[in-house]
Structures are given as C-alpha cells and as structure tokens.
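Student: Please choose one part of this model for a close look, and then relate it to the rest of the chain. I would like the terms defined as they arise.

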Amino acid sequence: MSRQLETIGLDILQGFQALYTQDWPKYCAEFYCLDNFIGFLKQDPKIKNVKIYTLSEQRAKDEALFVIVDRYQLFVGCLSNSEALVKEALTLIDWSSGLKCSSIPARHIADLEIVVKEKQLKLQFNDVTNLYYMTRQEASELKVEAPAGYFLDTLKEVDADLVNEEWPNRHVGSLYFIQRQIRMCPSVGLYTTDAKELVAWCIRLQGGYLGALQVRSSHKRRGFGSVVTREITRRIGSLGQDVMALVNPQNKASCAMFDKLGFKVIDQCYWLRTEPLTGDVTWPDGE
C-alpha cells in the first residue's frame with residue numbers, strides 16, 4: 001500500500017522535537033521550527049490554517065519527518081531521509097495555490113527541486129541564505145544599552161501596520177503574519193523616549209529565525225539595526241534558547257553585522273516560492 005500524508009498533533013510533534021536534539025546544532029533549524037509551532041498550538045489549539053503532516057509509516061516517524069503548511073508557507077524537516085521520505089511527502093502536498101518554501105535546510109533542497117520539476121511548477125525565486133547561529137549562553141551574556149533618547153521594548157500588535165508597511169518583503173497576507181508573530185513570539189522595538197515613535201525593530205519568525213529586521217529610513221546609519229538585533233538575541237538567550245538568523249550572502253552589511261555580534265555560519269537554508277497553478281497569489285484578510 002502506498003504511503004499517504006497523515007496529520008499529527010501536539011504529542012507527536014513534541015516527540016519529534018526531542019529527536020532533533022541529536023548531533024547539536026546540526027538540526028537546530030528543525031528543532032526551533034517545531035518549538036515555535038508547538039508554542040502556537042499550546043497558545044491557540046484551534047489555530048487556523050496550520051496543517052502539520054508526516055507520512056503514514058513508522059519509518060517516517062522514526063526519522064521525525066514533518067511537513068508544516070502554515071497558510072501559504074511550507075516548512076520541512078527529516079533526520080536521515082535515507083528513503084527519500086522528504087520527496088515523497090512533498091509530492092503529496094497540494095501545490096495548487098502556490099507555496100513559499102521557507103528556511104529549507106540545504107540537505108533537503110535537492111528533493112524539493114525535483115518535486116518542483118516533476119510537477120512543472122513555476123518559480124518566483126529560489127534563494128540561498130547562510131544560517132548564522134549563537135549559543136544561548138553567548139546570547140544571554142550580551143550587553144545592550146539603548147542610545148540616548150531611545151528605549152527598547154517588546155513590540156505591540158498596534159505596531160504591526162508600520163512594521164508591515166516598511167518591510168521590503170511584505171506581500172498578500174503579510175500583515176496578519178506580522179501581527180501573529182508579535183503576539184506569539186519574541187520581538188523588540190526601539191522607540192523614541194519623547195514621542196514613543198517606533199524607529200527600528202526585529203521579530204522572531206515562525207521558523208525560529210530572527211527576521212523582519214528593519215530601521216526606518218529617517219533613522220538609518222546610526223547602528224539601530226545592530227541594537228535591536230543584539231537585544232532580541234539577548235532576550236532569546238535568556239529564555240534558554242539558541243539564536244539563529246538567515247542572511248543572504250550577497251547582503252554584505254548584514255553579514256558583517258552578525259559576524260561582529262559573534263554569530264557563526266553553520267549551515268545554509270533555501271527560500272523558494274512557487275506560482276499558483278491558476279490566477280494570482282491571494283489570501284483572505286485577517287487569516
């Protein structure tokens with residue numbers, strides 16, 4: 001009998017996550033991706049538009065194979081993938097609406113590209129990023145001071161409109177994404193002391209990485225991006241978690257910043273987006 005996708009819940013996810021602690025930090029991307037989605041399910045057991053799958057055989061479970069479809073984003077993880085489990089699972093996914101395959105570990109990109117080719121899917125992009133990593137101990141020991149006239153604080157949902165508006169990667173459905181990440185994951189903003197104006201920020205993406213790092217154009221070239229990155233790194237480390245960021249190797253300024261902060265490149269991940277089979281990319285407001 002052919003293998004099928006089956007949905008999995010919190011208990012199985014937690015068991016999978018434990019398996020990804022081996023050979024640390026080799027599977028840190030998969031571990032923290034699951035950590036975030038486990039957190040989402042605990043905070044909101046009925047969270048909408050998040051589907052989590054494995055294959056219907058024991059071997060897939062032994063290898064902690066998961067495919068998460070979060071709205072229009074896809075995440076995948078597997079330990080050895082010795083039986084092309086990733087390719088089989090991705091083949092069974094519904095690609096009709098187009099998917100943004102996010103932070104795909106480099107060891108799985110070949111299987112993903114084979115599926116894209118076999119299904120004759122059109123691509124918007126296929127980009128590689130370096131995985132920058134810092135241990136929780138190093139992160140928690142960082143020293144951070146806000147510049148004179150500014151203060152650091154957790155972002156509020158009311159900040160989401162500005163964060164989304166300024167985000168170079170904003171897209172259909174991204175406002176709700178920003179709102180959810182602010183609500184459910186660590187975030188940091190730098191605000192002016194007098195007017196409480198938000199001028200720089202960073203959030204943690206659902207894959208476990210730092211993301212949406214941005215400084216308003218009126219406040220660039222003052223080192224504010226480094227300040228908020230250092231602070232969110234310190235906060236995550238203080239939670240007992242290692243810290244990760246994905247940076248395009250062509251982005252020399254960002255690479256230099258993470259190098260200076262003490263991060264190390266330990267792997268690469270890919271971002272690949274497929275076109276919907278018919279029509280344009282759409283997503284309902286507020287979902």
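Tutor: Helices and strands are DSSP runs numbered from the N terminus, a helix being H or I over at least four residues and a strand being E over at least two. The model is a predicted one, in which local features need pLDDT of at least 70 and side-chain atom pairs count only at pLDDT 80 or more, while totals for chains, interfaces and linings use all residues. Residues are numbered from 1 along each chain as its sequence is written, and side-chain values use heavy atoms, with hydrogens and water left out.

The part chosen is Arg180, which belongs to helix α8. Its relative accessibility of 1% makes Arg180 buried; that term means under 20% relative accessible area, whereas exposed means over 50% and partly exposed lies in between, with a 1.4 Å probe and protein chains only. Beyond the residues within four places in sequence, Arg180 has contacts (heavy atoms within 4.5 Å) with Phe40, Ile47, Val50, Asp70, Arg71 and Gln206. Two of these partners, Asp70 and Arg71, are charged residues.

The helix around Arg180 is likewise mostly covered. Helix α8 spans residues 174-184, and eight of its eleven residues are buried. Besides Arg180, the buried set holds Ser174, Tyr176, Phe177, Ile178, Gln181, Ile182 and Met184.

One residue of that set, Ile178, leads to the interior of the model. A nonpolar core is a set of buried Ala, Val, Leu, Ile, Met, Phe, Trp, Tyr and Cys residues joined through side-chain atoms within 4.5 Å. The largest such core has 47 residues, and Ile178 is one of the five that touch the most other members, together with Tyr20, Leu34, Ile68 and Leu131. Helix α2, residues 28-43, is the greatest contributor to this core, supplying ten residues. A second core, separate from this one, has 26 residues, including Ala139, Leu190, Leu210 and Val215. In soluble globular proteins, nonpolar side chains tend to be buried together.

Tyr20 shows how one core member is surrounded. Apart from residues within four places in sequence, Tyr20 is in contact with Tyr27, Glu30, Phe31, Leu34, Glu63, Ala64, Leu65, Phe66, Gly77, Cys78 and Leu79. Leu34, another of the five core residues named above, is thus among the partners of Tyr20.

Helix α2 also contains Leu41, which counts as buried at 18% relative accessibility. Setting aside residues up to four places away in sequence, Leu41 touches Leu10, Leu13, Ile47 and Ile52. Ile47 is also in the contact list of Arg180. The C-alpha atoms of Leu41 and Gly9 are 8.7 Å apart in space, although 32 residues separate the two in sequence.

Ile52 leads on to strand β1, since Ile52 appears among the contacts of Glu6 as well. Glu6 lies in that strand, which covers residues 5-7, and is partly exposed at 27% relative accessibility. The other contacts of Glu6, beyond four places in sequence, are Tyr53, Thr54, Leu55, Ser56 and Lys61. Between Glu6 and Ser56 the C-alpha distance is 5.9 Å, across 50 residues of sequence.

The loop between α1 (10-19) and α2 holds Pro25, and a cis peptide bond with omega of about 10° joins Trp24 to Pro25. Asp23 is found in that loop too, and has a positive phi of about 55° although it is not a glycine. With a relative accessible area of 53%, Asp23 is exposed. Elsewhere, Lys196 also has a positive phi of about 55° without being a glycine; Lys196 sits in the loop between β8 (187-192) and β9 (198-204). Most residues other than glycine have a negative phi, and most peptide bonds are trans.

A last point concerns the cysteines. The structure has zero disulfides, a disulfide being a pair of cysteine sulfur atoms within 2.5 Å. For Cys28, the nearest cysteine sulfur belongs to Cys269 and is 8.0 Å away; Cys28 is buried, with a relative accessible area of 1%. For Cys101, the nearest is that of Cys33, 13 Å away, and Cys101 is buried at 0% relative accessibility.
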